[in-house]
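Student: Could you take one part of this model and walk me through it closely? I'd like to see how the pieces around it fit together.

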Amino acid sequence: MATAANEDRVHYDSVESIPLEAINVANPYLFQNDTVGEYFTRLRREDPVHYCAASRFGPYWSVTKFNDIMAVDTNHKVFSSEAKLGGISVQDMHSVEGALELEMFIAMDQPKHDQQRKAVSPVVAPSNLLLLEPIIRERAGAILDSLPVGEEIDWVKLVSVELTTMTLATIFDFPWDERAKLTRWSDVTTASPETGIVESFEQRREELIQCAMYFKGLWEERIDKPGGNDLISMMAHSPATRDMPFLEFLGNLLLLIVGGNDTTRNSISGGVLALNQNPGEYQKLRDNPALVSSMIPEIIRWQTPLTHMRRTALEDAEIGGKQIRKGDKVVMWYLSGNRDETVIDRADQFIIDRENPRHHLSFGFGIHRCMGNRLAELQLRIIWEEILKRFRFVEVVGEPERLLSNLVRGITRLPVKLHAH
Amino acid sequence: MINVTFVSADGTRRSVEIDEGLSAREAALFNSVPGIDGDCGGVCACATCHVHVDQAWMDRVGPPEEGGMESDLIQFAEGTTETSRLACQIPMVPELDGLVLHLPELQH
Ligand code: HEM
Ligand code: FES
């Protein structure tokens, strides 16, 4: 492992001087120092479907152009998401002795994927979500009102994390004082010992069992209570989910929590950063706050909170003229496709009033397209409407720090100063 | 030109004209009819162009092809019925002149 990490740090003077075959865009350091974009630009130009023969993640294909990514994402009969084949990220999902195996439909193929998604999907349908809007709005307002104006604060810690935890607690109607548990369980679900979040797989298992027991309690409280717009009540009452085996219920529940945690958090931080880097766009927004609705999908494109999804080829196939073999690992780099100038007009610019702002890859496409995409947009819209009511300028006053990860495009620290109207 | 009438969830009817060869999705979007999002650009990849075909037109439009991408996707749209289709997969051909489509309240 040490040699792998050293390999990642090999230094070249410029991206252009690297031999094509030595390019490994899965190197997490390229995301932490935010230079991976230059690599993607080169691959889109010179070798849009690129083979990396050796990396610490094994050999893999990088698909970097919008339309090729779309072709892979919509070809679920050939390109599998199955956990047992490696799952959905360039880092294989592997069974570890002692780890609790959570079954989530994001890493399943048809027909099981379809059955599970169909059962859970109505709980995040837009018509249900509108019922939650007033509570999310009120709570977002309270968090924003508690912030000190004119002092340097960390936007990630005080705002993005707080707002995301709050919206998660609201959609699950989770006991308010214990809401930090949700964030913890979300982190634990995706953690392995290397991340430092848990010390061992045993600890992870322990914590997830506590999580299971806690949710079982909420489920039992709510199953006989009529009504309830929260996701737990809805799953407890719906004929499609009511009789789900408990571990399956837990897997689906955690998928809803994990799916909406880092992604929303980093969209909130990424939006502030993008507006600061593009003061003209920030001014447009102040002049016309109604632009929030087209700005939200643009922020999600710009940030691309999940840099990629991975598939495994179930048979030989062709992508962009390259021959893919059965069993090959295929990585769809959404972050690259979202900058593909042949499909997106001025793709390298952040523009909050685009004509078709939802034409981006951040939610994926096809049968695995993000089930929570309307929920994500709703939360971000409410949050931005409330920010604009209170602050004339959320000013970034220091360098952002970024997450060491090739999957979650994360901002870990963002010093800002708030200016009231 | 083919004529299409979109009926919104609140009952509002809007009749529009669209070139032959385009789809029912474009008929709505190019004429600013609200109710169809069509996020994927009309390539059958998102299911945010869900419509209910009017009963009277169902035999001419037909159901989605069994086992095809449209059937795979449409099952995840909200409030689907036997008359559900994805508008981007309904090509505007002369036999469909006068088509009536009902729009859902929101797209998921
Ligand atoms: C900006 C925020 C978000 C982003 C960028 C995002 C991104 C994604 C992506 C890229 C996928 C996989 C798509 C594919 O494989 O083609 C996905 C799937 C999923 N997301 Fe999200 N997501 C976000 C928010 C949420 C929220 C709030 C929820 C909570 C309900 C959620 C729940 C899910 C679920 C359940 C899936 C699995 C869908 C399936 O496999 O059928 N996501 N998301
Ligand atoms: S527009 Fe995306 S499926 Fe029709």
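Tutor: Let's start with a strand pair: β5(A) and β8 (residues 329-333) of chain A run antiparallel and are joined by five bridges. Helices (H or I, at least four residues) and strands (E, at least two) are DSSP runs numbered from the N terminus, and two strands pair if DSSP finds at least two bridges between them. This is a predicted model, in which local features need pLDDT of at least 70, side-chain atom pairs count only at pLDDT 80 or more, and totals for chains, interfaces and linings use all residues. Residues are numbered from 1 along each chain as its sequence is written, chains are lettered from A and ligands numbered from 1 in the order in which they are written, and side-chain values use heavy atoms, with hydrogens and water left out.

Within that pairing, A:T312 has A:K329 in β8(A) as its bridge partner. β5(A) also pairs with β3 (residues 79-80) of chain A, in the antiparallel sense over two bridges; there, A:F79 is partnered by A:A313.

β5 (residues 308-313) is mostly covered, with six of its six residues buried (under 20% relative accessible area, against over 50% for exposed and in between for partly exposed; 1.4 Å probe, protein chains only). A:H308, A:R310 and A:T312 point one way, A:M309, A:R311 and A:A313 the other way, and all are buried.

Now step back along the chain. The loop between α15 and β5 holds A:P305, which counts as buried because its relative accessibility is 6%. Setting aside neighbours within four places in sequence, A:P305 is in contact (heavy atoms within 4.5 Å) with several residues, including A:T263, A:I300 and A:L407. A:L407 is 102 residues away along the chain, yet its C-alpha atom and that of A:P305 are separated by 8.2 Å.

Before the loop comes α15(A) itself, and just after the helix A:T304 takes a positive phi of about 45°. Eleven of the twelve residues of α15(A) are buried, so the rest of the structure largely encloses the helix. Among those buried are A:M295, A:E298, A:R301 and A:W302. They belong to a buried set that packs against α13 (246-277), α14 (279-287), α16 (334-337), α17 (373-390) and β11 (411-413) of chain A.

Does the helix length add up, and what should it span? Take 1.5 Å times one less than the number of residues: the twelve residues of α15 (residues 292-303) should span 16 Å, and the end C-alpha atoms are 16 Å apart, which agrees.
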